[in-house]
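Colleague: Please take one part of this predicted model and go through it closely. I would like a connected account of how one helix sits among its surroundings.

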Amino acid sequence: GGFGHNPSGCGHNPSGDHMLPFEFTYVKIPADEALDYEELRGEISKAGDSLQAQLKAAFAGGSIKRVDHLRQTYGRDVESKLDTLNRIAQEEGSVELFALTKPSKSSQPVPHAGVYLYIDEMGMLKDRPVNRRAFELARSCGLEPEQPFHGEAYVGRVLVEPGLRQGGFPPAGGGG
């Protein structure tokens, strides 16, 4: 039949319900510059699923080593927060998102698509190595991150066209 894999990613579907499951590719940027970029495959199998949710598992593990940094943020409360933060770091993972390109009608090569950089929000606390390539990529896209990124980073494209949304990202920037 004609309902096979559609490599071009085209095909209009107003409701979006029949799109699942669908595969997508995303790119891993290792912190170790001796390692090449890696193209990975993911699958969205249910509504509300997203690459962000899936990467939590990739970032889970490791414990917080930079308690000194937390102390600057939380002061004396750091001990009470440490258990919770360690549990999140080890079991759940925590993902921070940066929009490299915002979705718009004219975004290339796919309209209404944004490209996002995903980093381990706790990478620095876990004392992961600095990811210079991810940082330079963010800067080349006009972002000004306050601090270096630590650990592995991932880049993925998200469609925000109504009905074709990957997960629950709000449309960036509002109208226009």
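Modeller: A definition comes before the description. A crossing of two helices is called right-handed if the near helix is turned clockwise from the far one by less than a right angle, and left-handed if the turn is anticlockwise. In this predicted model, the part to look at is helix 2, which spans residues 67–74. Its partner is helix 3, residues 78–92. The two axes come within 10 Å of each other and cross at roughly 120°. Angles of 65 to 115 degrees count as roughly perpendicular and those over 145 as roughly antiparallel, so helix 2 is oblique to helix 3. In the sense just defined, the crossing of helix 2 and helix 3 is right-handed.

The contact itself can be listed by residue. Helix 2 contributes Val-67, Leu-70, Arg-71 and Tyr-74. On the side of helix 3, these meet Val-78, Glu-79, Lys-81, Leu-82 and Leu-85. Sorted by class, the contact of helix 2 with helix 3 has six nonpolar residues, three charged ones and no polar ones.

Helix 2 also takes part in a pocket. The second largest pocket has a volume of about 380 Å³ and a lining of 19 residues. Nearest to the centre of this pocket lie Glu-96, Ile-119, Glu-121, Met-124 and Gln-147. Two or more lining residues come from each of helix 2, strand 3 (95–101) and strand 4 (113–120). Helix 2 gives the most, with four residues. The lining as a whole divides into ten nonpolar, five polar and four charged residues.

Next comes the loop that leads to helix 2. This loop runs between helix 1 (51–59) and helix 2, and Gly-61 lies in it. Apart from neighbours within four places in sequence, Gly-61 is in contact with Ala-89, Gln-90, Lys-126 and Arg-128. Of these, Lys-126 is 65 residues from Gly-61 along the chain, and the C-alpha atoms of the two are separated by 9.2 Å.

Terms used:
Residues numbered from 1 in each chain as written. Predicted model: local features only at pLDDT ≥ 70, side-chain atom pairs only at ≥ 80, totals over all residues. Heavy atoms only, no water. Axes fitted to C-alpha atoms, helices over the stretch in contact; angles between N-to-C directions. Parallel < 35°, antiparallel > 145°, perpendicular 65-115°, else oblique. Contact = heavy atoms within 4.5 Å. Nonpolar A, V, L, I, M, F, W, Y, C, P; charged D, E, K, R; others polar. 1 Å grid on protein atoms, 1.4 Å probe; cavity = no way out; pocket = protein on both sides within 12 Å on 5 of 7 lines; lining within 4 Å. Points joined across faces, edges and corners; volume = space filled by probe spheres on them.
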